Every structure is written in structure tokens, then in C-alpha cells.
Amino acid sequence: MDLGFFTMPLHPPGSYHAATLEADLEQLIYLDQLGYSEAWIGEHYTAEWENIPAPDLLIAQALGVTKQIRLGTGVTCMPNHNPFSIAHRIAQLDQMSRGRIMWGVGSGGFPGDLDVFGFDRRTGTNREMTRQAIDLVLELWNDPKPGNYKTDWWDFNVPEPEDDIGLRVHMKPYQDPHPPIGVAGVSPKSETLTLAGERGWLPMSINFVPEGLLQSHWVAVEDGASKVGKTADRTNWRIAREVIVADSSAEARKQALTGTLARDMEGYFLKLLPRSKMLGLLKVDPNMPDSDVTNEYLVDNIFIVGNPEEVAEKLSALDESVGGFGTLMAMGHEWQPEDFWKSSMGLLKEEVLTKVETVSR
């Protein structure tokens with residue numbers, strides 16, 4: 001099992017952006033030093049808790065101060081972007097990284113961000129736009145044919161090339177044929193994850209859903225792969241989880257119930273998800289009342305909290321329950337207190353993973 005990181009990031013409204021961006025960068029530097037294999041950074045325009053609108057800029061900054069960690073957009077919300085422009089930004093970023101980036105893509109689910117660009121998520125146009133835009137980006141990277149590209153969502157031209165003096169659309173990714181593409185799944189038997197199976201993309205599962213829903217995620221990936229005669233590779237599957245490791249179970253649980261994880265869940269997610277009618281995704285029993293979905297319930301039933309031996313046992317059980325997966329993505333929060341969070345991330349990498357027993361692939 002490889003070990004990665006997923007940060008939205010999470011900072012309370014009113015936070016000083018320069019300070020939080022610096023703190024987010026310092027986390028990436030530390031995880032690189034610990035040997036984490038990858039880190040994904042989210043993109044939101046109108047969510048003050050998740051306060052990075054341009055993850056590619058933070059990735060570009062991090063490339064110069066890290067050595068081995070792979071960095072990904074988590075995700076580029078395609079309805080926020082003109083496909084011609086984002087094709088060039090991601091290709092240039094890949095060139096700057098010499099192949100150390102991954103490109104996470106999605107249709108965006110945050111209502112405010114969709115409102116900015118005139119999308120009504122109830123109609124599904126954001127999902128259709130995303131599928132078309134990704135295909136167009138791949139075409140621009142592979143063989144940008146001259147002509148007008150116009151839909152309800154964009155209008156741009158690829159000019160006729162003048163190869164004698166190099167006047168043409170020319171930017172391509174460093175990786176051949178392109179950076180690994182990742183997509184995130186939330187709902188049961190996610191259509192997005194079915195697409196991941198069809199295309200051979202990296203499937204990623206969200207952090208706060210029970211194991212039963214995770215099992216349906218892999219069913220979706222396999223269904224997609226079988227449609228096109230492929231066999232899905234479980235080592236490509238990323239599962240995000242809230243993980244807290246401490247020397248003692250009592251200390252780990254205390255931090256989970258009273259620290260920054262609790263602040264972020266109680267101050268943000270457990271208020272946000274009911275508004276989006278998504279609280280049911282967190283329920284082990286679909287008939288349980290909404291009032292029972294508390295941070296304590298999540299710590300007891302979904303999050304992975306404990307001393308190194310307990311966390312290793314829980315990760316092994318998760319791996320067995322879902323049939324095996326490739327990368328655990330530990331979720332990002334503000335590292336307060338800093339020493340505790342650095343210790344937790346270090347214990348996860350240096351002690352827990354050596355104890356995890358994974359199922360045969």
C-alpha cells in the first residue's frame with residue numbers, strides 16, 4: 001500500500017490567505033521529506049473553508065522545494081475553465097515538473113462555483129461539459145486540428161500552422177501521452193468511476209463514506225473496464241481517509257474529538273452536507289437519523305484513529321473489506337498543534353504501513 005495525501009485544504013473563514021498558503025506549502029515539503037508518494041490539492045472559488053482557487057500555482061511553487069513527491073490537482077473543476085487554456089496550463093506544469101504531476105479532473109459539485117459560470121447542477125450540463133472538455137484537451141495534446149471549436153460553453157480557434165517559423169499550437173505534456181488522469185467518486189456506483197474504468201484513469205474515493213459504499217465504487221470501476229474489454233487494476237485505486245495516529249489510543253481519540261479534525265467536521269462538513277442532501281452518504285445504516293451523524297460517530301465508524309497497532313489493524317481490515325486498493329490518501333487539516341500532526345503523519349508512514357497486511361492483488 002502506498003501512502004499519499006489529499007488536502008482541500010481546510011481553513012476557517014477569515015483566515016489570512018498568505019499564511020494558510022505558506023502553511024499548506026510547508027505540509028507538502030514535510031510530506032516529501034517523509035517519503036509520501038503523492039499529494040493532491042483541491043480547487044474551489046467560492047468556499048472560504050477550502051480556500052485555494054488555483055492548485056496548479058501551489059503545485060508550481062512546491063515543485064521547486066520538494067524532491068520526489070508527485071503532485072496533483074484534486075481536482076481541476078472543468079466547468080471553471082476554458083479547455084484551450086487549461087490544456088496549456090497543465091501541459092506547461094507537467095513540463096516544469098519533468099513528469100511529477102498528476103491531473104485530477106471533475107465536473108465540480110460546489111453550488112457557488114457552478115453559479116459563477118452559469119451552470120445548474122440539477123440539469124447535469126456541468127457533467128456533459130466536463131466529458132467534452134477532457135476529450136478536447138486530450139485532442140489538443142495529441143493532434144490539435146485547425147478550426148473553430150464552439151459549444152454552449154466555449155468558443156476558440158486553433159489557427160492554421162505556419163511550420164516554417166513555428167507558428168502553431170505546440171505545447172504538449174512532458175509525460176507521454178499525458179499525465180496520469182484521476183477522477184473522484186462520491187455516490188454509490190459512481191458514473192465518474194465507471195468512466196475511470198473505461199478510460200484507465202485513476203479512481204479516487206472520498207474520505208467519509210462507509211466501507212459498503214466504497215465496495216460499490218470498485219464495482220463501478222470494474223463495470224467500466226469490462227465495457228471496453230479491460231481489466232481494472234486495483235493498485236490504481238486511491239481511497240481517502242481521515243487518519244490520526246498517536247502513541248496512545250487515548251491521545252489519538254482526544255485529538256480526533258477535540259482538535260482540528262473535529263473543528264472542520266463540526267464547523268463545516270456536518271453543516272454543508274445536509275444542505276446538499278448528501279449526509280446520507282456518511283451513514284453505515286441508511287435508516288439512522290441525521291442527528292446521529294456526529295463527529296464521534298464518524299470517529300467510531302469511518303475514520304481511522306488509534307495507536308500504530310490499531311491503525312494498522314484498521315487499515316488491513318479496510319483493505320480486506322474492499323478487496324484491496326493501491327494508495328491510502330490521508331486527509332489534510334491545519335497542523336495544530338504542529339508537533340502532534342507531524343508525529344501523526346510520521347507514525348503513519350514509518351510505523352503503521354510496515355504493519356499493514358494487504359490482500360493479494
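Trainee: Let's start with Ala47: which loop is Ala47 found in?
Mentor: Happy to, and keep in mind that this is a predicted model. The strand on one side is β2, residues 38-41, and the helix on the other is α2, residues 55-63. Ala47 is found in the loop between β2 and α2.

Trainee: Is Ala47 buried or exposed?
Mentor: The relative accessible area of Ala47 is 6%. The cut-off for buried is under 20%. Ala47 is therefore buried.

Trainee: What is Ala47 in contact with, leaving aside its neighbours within four places in sequence?
Mentor: A separate value to look at is the C-alpha separation of Ala47 and Pro13, which is 8.8 Å for two residues 34 apart along the chain. For contacts, the criterion is heavy atoms within 4.5 Å. Leaving aside neighbours within four places in sequence, Ala47 is in contact with Phe110 and Tyr268.

Trainee: Tyr268 sounds worth following. Which aromatic cluster includes Tyr268?
Mentor: Good instinct! Both Tyr268 and Phe269 are buried, and they sit in helix α9, residues 260-275. The cluster is formed by Trp49, Phe208, Tyr268 and Phe269.

Trainee: How many aromatic pairs does the structure hold, and how is the pair of Trp153 and Trp154 arranged?
Mentor: The structure holds 12 aromatic pairs. In the pair of Trp153 and Trp154, the centres are 6.1 Å apart with 50° between the planes. Planes under 30 degrees apart would count as stacked and those over 60 as edge-to-face. The pair is therefore tilted.

Trainee: And why is the pair of Tyr268 and Phe269 classed as it is?
Mentor: A pair of aromatic rings is described by the distance of the centres and the angle of the planes. For Tyr268 and Phe269, the centres are 4.9 Å apart and the planes are at 55°, so this pair is tilted.

Trainee: Which of Trp153 and Trp154 is buried, and which is partly exposed?
Mentor: Trp153 has 29% relative accessibility, while Trp154 has 6%. Buried needs a value under 20%, and exposed one over 50%. So Trp153 counts as partly exposed, and Trp154 counts as buried.

Trainee: Back to helix α9: where is its kink centred?
Mentor: Helix α9 has 16 residues and reaches 22 Å from its first C-alpha to its last, close to the 22 Å expected. There is nevertheless a kink of about 35° in α9. The kink is centred on Glu266.

Trainee: What do the buried residues of α9 pack against?
Mentor: The buried residues of α9 include Leu261, Met265, Leu270 and Leu273. Their partners comprise one strand and several helices. They pack against β10 (243-245), α8 (249-258), α10 (295-301) and α12 (338-355).

Trainee: Just after α9, which residue takes a positive phi?
Mentor: Most residues other than glycine have a negative phi. The residue in question has a phi of about 55° although it is not a glycine, and is placed in the loop between α9 and α10. At a relative accessible area of 80%, it is exposed. The residue is Lys277.

Trainee: What is phi of Arg98 near?
Mentor: Arg98 is in the loop between α3 (83-97) and β4 (101-106). At 63% relative accessibility, Arg98 counts as exposed. Its phi is positive, in a residue other than glycine, and near 55°.

Trainee: What is omega for the cis peptide bond that joins Gly74 and Val75?
Mentor: Most peptide bonds are trans. Val75 has its place in strand β3, residues 70-77. For the cis bond joining Gly74 and Val75, omega is about 5°.

Trainee: How many residues does the largest nonpolar core have?
Mentor: In soluble globular proteins, nonpolar side chains tend to be buried together. Those with the most contacts inside this core are Tyr36, Met78, Leu282, Phe303 and Leu348. The core has 111 residues.

Trainee: Which helix gives the largest share of this core?
Mentor: The largest share is 8 residues. The helix that they come from spans residues 125-142. This is helix α5.

Notes:
Residues are numbered from 1 along each chain as its sequence is written. This is a predicted model: local features need pLDDT of at least 70, side-chain atom pairs count only at pLDDT 80 or more; totals for chains, interfaces and linings use all residues. Side-chain values use heavy atoms; hydrogens and water are left out. Helices (H or I, at least four residues) and strands (E, at least two) are DSSP runs, numbered from the N terminus. The expected span of a helix is 1.5 Å times one less than its number of residues. The bend at a residue is the angle between axes fitted to the seven residues ending there and the seven starting there. Buried means under 20% relative accessible area, exposed over 50%, partly exposed in between (1.4 Å probe, protein chains only). Rings of Phe, Tyr and Trp (its six-membered ring) pair if their centres lie within 6.5 Å; planes under 30 degrees apart count as stacked, over 60 as edge-to-face and the rest as tilted. A nonpolar core is a set of buried Ala, Val, Leu, Ile, Met, Phe, Trp, Tyr and Cys residues joined through side-chain atoms within 4.5 Å.
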